[in-house]
Amino acid sequence: MKKLFLHIFAAFFASFAFAQQPAVTAILDTNHILIGEQTVLHVRAANLKSTANIVWPAWPDTLKGVEVVSSSRDTSEENGIFAIEEHFVLTSFDSGVAIIPPFVVLVEDQKLETEPAILNVGT
């Protein structure tokens, strides 16, 4: 019984420690739009010790048929842990599938990369 308790405690502690690692995600509000409609891509860097050692990627105005209409950035802090979220309003005037490549964010000399996002543009 004591051994089982130690295994459960170790698993819980390991999952808690892992949750505190910096992470970067990219999520679209919707992955299907009609030509000319807009969607928002949210790129979030979370579990940051500070915002000083972050190198955020520069994103072009257009990317393979997807245009950036506007962007904004939010920073939040809770109990000394920071999160930065950038919001990109996107549109496209070409029908088809657009693949938004991964974002690479440097966090304290650590290279973190998002998953690519897929945007379907219909007529």
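## Strands, a core and two salt bridges

E85 and R44 pair up in a salt bridge, with their closest N and O atoms 3.5 Å apart. That pair ties together distant parts of the chain, since E85 sits in strand β7 and R44 in strand β3, 41 residues apart. Keep in mind that what you're looking at is a predicted model. Here's a tour, starting with the overall layout and then zooming in on particular residues.

**The big picture**

- The chain's secondary structure adds up to 1 helix and 11 strands.
- Follow the sequence from its start and you meet the helix, then strand after strand: the pattern reads α-β-β-β-β-β-β-β-β-β-β-β.
- The chain has 123 residues, and 33% of them count as buried.
- Take the contacts between residues at least 6 apart in sequence: 62% of these join residues at least 24 apart.
- About 8,100 Å² of the chain is exposed, and carbon and sulfur atoms supply 58% of that area.

**The nonpolar core**

- Which residues touch the most other members of the largest nonpolar core? They are L41, W59, F88, L90 and I100, out of 25 residues in that core.
- Seven strands each supply at least two residues of this core: β1 (23–28), β3 (38–48), β6 (66–78), β7 (81–92), β8 (96–100), β9 and β11 (117–122).
- The top contributor is β3, which gives 4 residues to this core.
- L90 has a long list of contacts once you set aside its neighbours within four places in sequence; among them are L28, L41, W59, V66, V68 and I100.
- The contacts of L90 also take in E37, Q38, T39, E67 and V69.

**The salt bridges**

- A bit of background: side chains with opposite charges can pair when their charged atoms come close.
- How many salt bridges does the chain have? The count comes to 2.
- In the E85–R44 pair you've already met, is E85 buried or exposed? E85 is buried, because its relative accessible area is 18% and the buried class covers anything under 20%.
- Its partner R44 is partly exposed, with a relative accessible area of 33%.
- The other bridge joins the side chains of R73 and E86, at 2.8 Å from N to O.
- This pair also links distant parts of the chain, with R73 in strand β6 and E86 in strand β7, 13 residues apart.
- R73 comes out as partly exposed at 46% relative accessibility, whereas E86 counts as buried at 9%.

**D74, facing strand β7**

- D74 lies in strand β6, and its 43% relative accessibility makes it partly exposed.
- D74 and E86 are 12 residues apart along the chain, yet their C-alpha atoms are separated by 6.3 Å.
- Leaving out neighbours within four places in sequence, D74 is in contact with A83, I84, E85 and H87.
- With H87, D74 also makes a side-chain to side-chain polar contact of 2.8 Å.

**S92, tucked away**

- S92 belongs to strand β7. It counts as buried because its relative accessibility is 2%, under the 20% cut-off.
- What does the side chain of S92 reach? It reaches the backbone oxygen of D94, at 3.2 Å.
- Not counting residues up to four places away in sequence, S92 touches I33, I35, G36, E37, G65, V66 and V121.

**Two asparagines with positive phi**

- N47 has a phi near 60 degrees, which is a positive value in a residue other than glycine.
- You'll find N47 in strand β3, where it is partly exposed at 23% relative accessibility.
- N79 is another case, with a positive phi near 55 degrees in a residue other than glycine.
- N79 sits in the loop between β6 and β7. It counts as exposed because its relative accessibility is 73%, over the 50% cut-off.

**A nonpolar patch on the outside**

- Which residues form a nonpolar patch on the surface? V55, V104 and L106 do, and together they have about 210 Å² of accessible area.
- L106 is part of strand β9 (residues 104–107), and at 36% relative accessibility L106 counts as partly exposed.

Methods
Residues are numbered from 1 along each chain as its sequence is written. This is a predicted model: local features need pLDDT of at least 70, side-chain atom pairs count only at pLDDT 80 or more; totals for chains, interfaces and linings use all residues. Side-chain values use heavy atoms; hydrogens and water are left out. Patches are made of residues with over 30% relative accessible area and no salt bridge: like charges are joined within 9 Å, nonpolar side chains (Val, Leu, Ile, Met, Phe, Trp, Tyr) within 5 Å. Accessible areas come from the Shrake-Rupley method with a 1.4 Å probe; for residues, only the protein chains shown count as cover. A salt bridge is a side-chain nitrogen of Lys or Arg within 4 Å of a carboxyl oxygen of Asp or Glu. Buried means under 20% relative accessible area, exposed over 50%, partly exposed in between (1.4 Å probe, protein chains only). Contact means heavy atoms within 4.5 Å. A nonpolar core is a set of buried Ala, Val, Leu, Ile, Met, Phe, Trp, Tyr and Cys residues joined through side-chain atoms within 4.5 Å. A polar contact is a pair of N or O atoms within 3.5 Å; within protein, one must be able to donate a hydrogen and the other to accept it, and residues adjacent in sequence count only if both atoms are side-chain atoms.
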